[in-house]
Amino acid sequence: MVVLIVISAALAVWGAVVGFESNDGQPIDVMLYWAYVLIGVALVSWVIVGGIVMAKDNPKSLLTVALGVVALAIVCLVAYLIASGSVIPGRNDSASTLKLTDTVLNLIYLLGGLTIAAIVVGEVRLSITNRK
């Protein structure tokens, strides 16, 4: 953990010394890639540690987690399949980039809508069960 913090601080100092706008924005790119690495390390650590603890405490709960991962993969697949990837006038992005951005937008819309629906249904259900 300390090594990751030291590398992050060194990259921040390097970016400040070199200048974030010099070298065609290279320090910004490096810092963004480093952020992706940190997010990946955090997610992998969370999944591995969580899986070990869960397997030790309640092995049957791993099935629930596996079903959740499969459901999330299905949602991502559906978002990818309905993504149009249509061309934006005035830009020359690749077809894969357009398909990916449309997939992410579809995921945001779908998961945002499901979140709002879950909040509304949860509040309605809570108000019905707490009637006096």
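Which residues form a nonpolar patch on the surface? To see the answer in the viewer, select Phe-20, Ile-28, Leu-32, Tyr-33, Tyr-36, Ile-39, Leu-43, Trp-46 and Val-47, which together present about 1,000 Å² of accessible area. Please keep in mind throughout this tour that the model is predicted.

**Stop 1: one residue of the patch**

Keep the patch displayed and pick out Tyr-33, one of its members, which you will find in helix α2, the helix that runs over residues 26–57. Tyr-33 has a relative accessible area of 55% and therefore counts as exposed, since the cut-off for that class is over 50%.

**Stop 2: helices α1 and α2**

Next, add helix α1, residues 2–18, to the display and view it together with α2: the two helices pack with their axes 9 Å apart and at an angle of about 165°. Because that angle is over 145 degrees, α1 is described as roughly antiparallel to α2. The crossing in which α1 passes α2 is left-handed.

For a pair of residues that links these two numbered stretches of chain, select Val-30, which is found in helix α2, and then Leu-11, whose C-alpha atom is separated from that of Val-30 by 8.0 Å, although the two are 19 residues apart along the chain. Val-30 has a relative accessibility of 28% and so counts as partly exposed.

**Stop 3: further along α2**

Now move to Ile-48, which also has its place in helix α2. With a relative accessible area of 48%, Ile-48 is partly exposed, because this value is not over the 50% that the exposed class requires. If you draw a distance from the C-alpha atom of Ile-48 to that of Ala-73, you should find 19 Å between them in space, for a separation of 25 residues in sequence.

**Stop 4: helices α3 and α4**

Select helix α3, residues 61–82, along with helix α4, residues 95–129, and turn the view until you can follow both axes, which come within 8 Å of each other and cross at roughly 125°. How are α3 and α4 oriented to each other? An angle of that value falls between the roughly perpendicular range, 65 to 115 degrees, and the roughly antiparallel one, over 145, and α3 and α4 are therefore oblique. Their crossing is right-handed.

While α3 is displayed, pick Val-65, which lies in this helix and, at 38% relative accessibility, counts as partly exposed. Its C-alpha atom is 9.6 Å from that of Met-54, a residue 11 positions away along the chain.

**Stop 5: the salt bridge**

How many salt bridges does the structure hold? There is one, and to display it you should select Asp-93 and Arg-91, whose closest N and O atoms are 3.0 Å apart. Side chains of opposite charge can pair when their charged atoms come close. If you then colour the two partners by accessibility, Asp-93 appears as partly exposed, with a relative accessible area of 31%, whereas Arg-91, at 51%, counts as exposed.

Conventions
Residues numbered from 1 in each chain as written. Predicted model: local features only at pLDDT ≥ 70, side-chain atom pairs only at ≥ 80, totals over all residues. Heavy atoms only, no water. Patch = residues over 30% accessible without salt bridge, like charges linked within 9 Å, V, L, I, M, F, W, Y side chains within 5 Å. Areas by Shrake-Rupley, 256 points an atom, 1.4 Å probe, with all protein chains shown as cover. Salt bridge = Lys/Arg side-chain N within 4 Å of Asp/Glu carboxyl O. Helix = DSSP H or I, 4+ residues; strand = E, 2+ residues; numbered from the N terminus. Buried < 20%, exposed > 50% of the residue type's maximum accessible area, 1.4 Å probe, protein only. Axes fitted to C-alpha atoms, helices over the stretch in contact; angles between N-to-C directions. Parallel < 35°, antiparallel > 145°, perpendicular 65-115°, else oblique. Left-handed = near helix turned anticlockwise from the far one by under 90°.
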